[in-house]
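Visitor: I'd like a close look at one part of this protein, with enough of the surroundings to see how that part sits in the whole. Could you walk me through it?

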Amino acid sequence: MDVVNHPPHYQSSIECIDAMEAMSSGCSIRSHQAYCWQNCFKYLWRWPYKNGLEDLRKARWYLDRLIKQLEEERR
C-alpha cells in the first residue's frame with residue numbers, strides 16, 4: 001500500500017486530485033475561494049472511507065467559510 005501516492009481513503013477509478021483539477025479548470029474565482037471549494041470537495045469525497053462525521057464537519061466548515069466570503073463580496 002502506497003499511503004503517499006495512493007492512500008486507501010482516496011481509492012477509486014478516479015483520483016480525487018484529478019477530479020478537483022478538472023472541476024476547477026477554467027474557473028475564474030479567487031485563489032482562497034478555490035482552496036475552500038476544493039477542500040470541501042476533498043472531505044466529501046473521503047468521508048465514508050476515512051474519518052466519517054469528522055470529515056463531513058470539515059467539509060461543512062470550508063463550505064461555510066466560502067459562503068461567508070461570497071456573501072461579504074456582495075455587500
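Guide: Here's a tour that starts with the whole chain, settles on one aromatic residue, and ends at two exposed spots. Keep in mind that this is a predicted model.

Let's get the layout first. The protein has 3 helices and 0 strands, so you read α-α-α along the sequence, since helices and strands here are simply DSSP runs numbered from the N terminus. Along the principal axes, the C-alpha atoms fill a box of roughly 50 × 30 × 15 Å. There are 75 residues, and 25% of them count as buried. If you take contacts between residues at least 6 apart in sequence, 46% of those join residues at least 24 apart.

Now for the part to zoom in on: Phe41. You'll find Phe41 in helix H2, which covers residues 31-46. Is Phe41 buried, exposed or partly exposed? Its relative accessibility is 24%, and because buried means under 20% and exposed means over 50%, Phe41 counts as partly exposed. What does Phe41 touch, once neighbours within four places in sequence are set aside? The contacts are Cys16, Ala19, Met20 and Met23. Helix H1 spans 16-24, so those four partners of Phe41 carry numbers that fall in the H1 range, as helices are DSSP runs. Phe41 can also be placed relative to Ala59: the two are 18 residues apart along the chain, and their C-alpha atoms are separated by 7.0 Å. Helix H3 takes in residues 53-74.

Staying with H3, have a look at Arg74, which belongs to that helix. Arg74 is exposed, with 78% relative accessible area. Compare its position with Tyr43: they're 31 residues apart in sequence, and the C-alpha to C-alpha distance is 27 Å.

Over at the other spot, Val4 sits in the segment before helix H1. Val4 is exposed too, at 69% relative accessible area. Together with Met1 and Val3, Val4 makes a nonpolar surface patch of about 400 Å². Val4 can be part of that patch because patch residues need over 30% relative accessible area, and Val4 has 69%.

To finish, the surface and charges overall. The accessible surface of the protein comes to about 5,600 Å², and carbon and sulfur atoms account for 54% of that. As for charge, there are 11 positive and 10 negative side chains, with the centres of the two sets 8 Å apart.

How values were computed
Residues numbered from 1 in each chain as written. Predicted model: local features only at pLDDT ≥ 70, side-chain atom pairs only at ≥ 80, totals over all residues. Heavy atoms only, no water. Patch = residues over 30% accessible without salt bridge, like charges linked within 9 Å, V, L, I, M, F, W, Y side chains within 5 Å. Areas by Shrake-Rupley, 256 points an atom, 1.4 Å probe, with all protein chains shown as cover. Salt bridge = Lys/Arg side-chain N within 4 Å of Asp/Glu carboxyl O. Helix = DSSP H or I, 4+ residues; strand = E, 2+ residues; numbered from the N terminus. Buried < 20%, exposed > 50% of the residue type's maximum accessible area, 1.4 Å probe, protein only. Contact = heavy atoms within 4.5 Å. Lys, Arg positive; Asp, Glu negative; His and termini not counted. Charge placed at Lys NZ, Arg CZ, Asp CG, Glu CD.
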